[in-house]
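User: Could you give me a close look at strand pairing here, and then carry on to the backbone and side-chain details that a structural biologist would want to check?

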Amino acid sequence: MRTDTGQIISLADYRPTDFVLERVDLTFDLHPTETKVEARLIFHRREGTDPKAALVLDGDELVLSGLLLDQNEIPAAQYDATPDGLTVRDLPESVPFELTITTIINPEANTQLMGLYRTGGIYCTQCEAEGFRRITYFPDRPDVLAPYTVNIIADKDSNPLLLSNGNFLGGAGYGEGKHFAAWFDPHPKPSYLFALVAGDLGVVEDTFTTMSGREVALKIYVEHGKEPRATYAMDALKRSMKWDEERFGREYDLDIFMIVAVSDFNMGAMENKGLNVFNDKYVLADPETATDADYANIEAIIAHEYFHNWTGNRITCRDWFQLCLKEGLTVYRDHEFSADQRSRPVKRIAEVRHLKSEQFPEDSGPLAHPVRPTKYREINNFYTTTVYEKGSEVTRMIATLLGRELFKKGMDLYFDRHDGQAVTIEDFVKCFEDVSSRDLAQFSLWYHQAGTPLVTASGNYDADAKTFTLSLEQMVPATPGQANKAAMHIPLRMALLAEDGSMIAPASVSGAELNDDVLHLTQKAQTVVFHGIPSRPVLSLNRSFSTPINLQFNQSARDLALIARYEADHFARWQALIDLGLPNLLQAARDARQGSAITCDPAFIDALLAAASDDRLEPAFRAQALALPSEADIGRELGGDNDPDAIHAARQAILKQIAEAGKDIFVALYDGMRTEGLFSPDAASAGRRALRNAALSYLSQLDETPTRAKAAYDAANNMTDLSAALTILAHRFPDTTETATALQHFRDRFADNALVVDKWFAIQAGIPGPGALDRIRQLMETPLFKRSNPNRVRAVLGTFVFGNPTGFGRADGAGYDFLADEILDIDQRNPQLAARILTSMRSWRLLEHVRADHARSALVRIERSGNLSTDVRDIVERILKE
């Protein structure tokens, strides 16, 4: 584990390597504790480089056991080797040379799950971002691209399967009890895309015929006996391949595409060229064990990793500062895929919920950074919602600015111009400038300025002049390292609605550029006048969340209700309901804090129930409408001095008032939204289940006993309904016999299914109230809890700290102290996991002062520990920085 304070890496310091890597030949002789790795690397000195420059290679906890130059031993005086690096001097000036490096590594002891590790009898790699340097000394950076040949030698009985990137060259026996396999990837790639898997796994096989007529073999490898649970993943893969051909013209380029599912994995999945490695959570599904959300996530993540073949693999990042170029762009692509496969407005609502709950707090706190950062200490800590989700939103805004046709031309140019290259944000943006003849310099500030812009809007209608005047102001708040911000180019989709909900088209517009329904805000303040408006309009602004901003626009409840009822843009309808409800929730939280009575505006309840009962709206949308902002959302909007107990009490009180007013509607929905016949994960069926379970949740607010929820649990014939009912039982009636019986039944039924056991843990970890911490301690003492498994740790500790504000945020600070203990423990085994869980403390300054003091004390205790990883030290110091 790296425990140094970490060198600050700056974008401004980028320069190409002194040596060009021409090819890589790797040989692995696998052994659980003594794997021998031989790397034969062919370099030549880059033109213009100092002829005396040494070759400097990266390492991480490596032991060098052999070093040859053109097959001759190198004198000890010619090189320096440490666990963290290898420097070789006096190398040829003008001709290529071959460096052969031999290292011995211990996969079994690699609890960091970076580099080559062994878990459950399976050898597996994870090399992004800097894991390859834990395998061999190497120029481990994304702008070093080369073709790879890989030879794998292993015990045949325990490792019948030997996989790597590219196309299979062949294999045979190799001495007593062993065999080997050879793979060749002709497409130059960076080291972070290298992959190796070896072990004994089952396989699901299929084929896909590309648009040019080539047949590609598709293989998904899973633990034996789990093959039937990978069929949906295979279907999602084939749909992804077809969609990418039709939407972006991208055809797959190898003879085989493989996915391997493993249980111990730090991330969701990894797009290694031709050999994706997945957390099995995002591959395995069947109706008995997977929820509708699981199916949707599998579909999206399978697509995301496949789409990386072009946006990330064929075209990769010049350096890690350009990470959003592959991740943000690919998130946009997988969002579009899911929108086409399911419901576009419902998908957009889910995206924005996630963005506001995760990225907006990041953008307003101590961990804020631009979509393209300019410096970092530990790159693993920049796999953030800002890079992924906000990066996706920036790509979406380019599509909004240019329109679908020009955006497609820009993407085509990007693929044609930069195939096989490691590129920058500037290269990407230039493609869209070239096809549109539009200057995107101001727009590019979205990549360079951190913080969520605040747009303030006000409108005035002049009946005599028949004009509507819209006044807009923008402000980007100060963030760490960026005190002063320039005005952004903000594309705002908008509509003017008449009293009957019809669209009003202005005769002309002055004061701003308006293309179709996109209004361009480019100055700190702008006044826009719409001419030829026959009656007072209702303004719908930022339709489909065209720009990731905070919008301050004080519309009347009457106007919001009209938008919620009539807007053709269903996202805008949903947003209007949120805008109606949020003030009630904020005031309720203030009232709860003061011990005052909690009330809710009937206009909001009426609008919400009208949407819930409107059969013209798809059930999935109605379910989203009924999902109130979370307790974390309320805390974010309050902006400070937050009391988690008051927020919880307020939200529960509002939920109960809605339930009382809409009891008959919820009973009808619960009875009418049953899905008959065999389970299907299709969007329509999933929407009906979501709406039915939302109705059940509201009805539980009125129930004095768990009878209804327990009956729903007993009647459930799929995991979506089963887990929804169990969650209601556990969270609404935690100390009843019915809940205890259901929890025991669930555990006994699924004790052999790790992914379902994770649900059992997570449901209990989310039970609110001061007793949550004792429950967490008990859960972590059960035999089913495995500290070495990231999924299990996230299910328990992650759910507790990210999703249980009243339990984690106890007034006595015990939850924060508990987290500090756990972070210090996890950090010794898995620094990445520890650092990501620690980000749960990023908003500690928003707490009321007693809790904030407790939180700060826990963070200081972590900071003062003498043996922190670079990952955790980076996070804790940034969180504490004034």
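Analyst: Happy to. Two strands are taken to pair if DSSP finds at least two bridges between them. Please keep in mind that this is a predicted model.

Let's begin with the hairpin. Strand β17, residues 202-209, runs antiparallel to strand β18, residues 215-222, and eight bridges link the two. As eight bridges were found, β17 and β18 meet the requirement of at least two. Within this pair, threonine 207 has alanine 217 of β18 opposite it. Five residues separate the two strands of the hairpin, and the turn includes glycine 213, whose phi is positive at about 95°.

β18 has another partner to look at. With strand β19, residues 256-262, the pairing is parallel and covers five bridges. Here lysine 219 stands opposite methionine 258 in β19. Between these two strands the chain passes through helix α1, residues 231-248, and the resulting β-α-β crossover is left-handed. The handedness is judged with the strands pointing away from the viewer: a clockwise path from the first strand over the helix to the second would be called right-handed. β18 therefore takes part in both kinds of pairing, antiparallel with β17 and parallel with β19. In general, both arrangements are held through backbone hydrogen bonds between the strands of a sheet.

Elsewhere in the chain, there is an open sheet of four strands with antiparallel pairing, in the order β10-β11-β16-β13. Its edges are β10 (115-119) and β13 (161-164), each of which pairs on one side only. From one strand to the next, the twist averages 15°. Inside that order, β11 (residues 122-126) and β16 (residues 196-199) share two bridges in the antiparallel sense. Cysteine 124 is placed opposite valine 197 of β16.

The loop that runs between β11 and β12 (146-155) deserves a stop, and alanine 129 lies in it. The peptide bond leading from glutamate 128 into alanine 129 is cis, with omega near 5°. Threonine 136 belongs to the loop between β11 and β12 as well. Is threonine 136 buried or exposed? Threonine 136 has 0% relative accessibility, so it counts as buried. Setting aside residues up to four places away in sequence, threonine 136 touches Val37, Ala39, Asp58, Leu62, Ile101 and Thr103.

Other backbone details worth checking are two positive phi values. Most residues other than glycine have a negative phi, and most peptide bonds are trans. Lysine 466, which is not a glycine, has a positive phi of about 55°. Lysine 466 sits in the loop between β25 (454-462) and β26 (467-475), and it counts as partly exposed because its relative accessibility is 40%. Aspartate 516 also has a positive phi, near 55°. The loop that holds aspartate 516 joins β29 (513-515) and β30 (518-521), and with a relative accessible area of 78% this aspartate is exposed.

Turning to helices, the axes of α13 (residues 631-638) and α14 (residues 644-661) come within 10 Å and cross at roughly 115°. This crossing is right-handed. On the α13 side the contact is made by Glu631, Ile634, Gly635 and Leu638, which meet Ile647, His648 and Arg651 in α14.

Finally, the cysteines. The structure holds zero disulfides. Take cysteine 317: it is in no disulfide, and the nearest cysteine sulfur, belonging to cysteine 324, is 7.8 Å away. A disulfide needs two cysteine sulfur atoms within 2.5 Å, so a separation of 7.8 Å does not qualify. Cysteine 317 is buried, with 0% relative accessible area. Cysteine 600 counts as buried too, because its relative accessibility is 10% and the cut-off for buried is under 20%.

Cysteine 431 is found in helix α7, residues 425-436. Its relative accessibility of 0% is why cysteine 431 counts as buried. What surrounds cysteine 431, leaving aside neighbours within four places in sequence? The contacts of cysteine 431 are Gly410, Leu413, Tyr414, Arg417 and His418. As for phenylalanine 802, 371 residues from cysteine 431 along the chain, the C-alpha atoms of the two are separated by 40 Å.

Technical notes:
Residues are numbered from 1 along each chain as its sequence is written. This is a predicted model: local features need pLDDT of at least 70, side-chain atom pairs count only at pLDDT 80 or more; totals for chains, interfaces and linings use all residues. Side-chain values use heavy atoms; hydrogens and water are left out. Buried means under 20% relative accessible area, exposed over 50%, partly exposed in between (1.4 Å probe, protein chains only). Axes are lines fitted to C-alpha atoms, for helices over the stretch in contact, and angles run from 0 to 180 degrees between N-to-C directions. A crossing is left-handed if the near helix is turned anticlockwise from the far one by less than a right angle, and right-handed if clockwise. Contact means heavy atoms within 4.5 Å.
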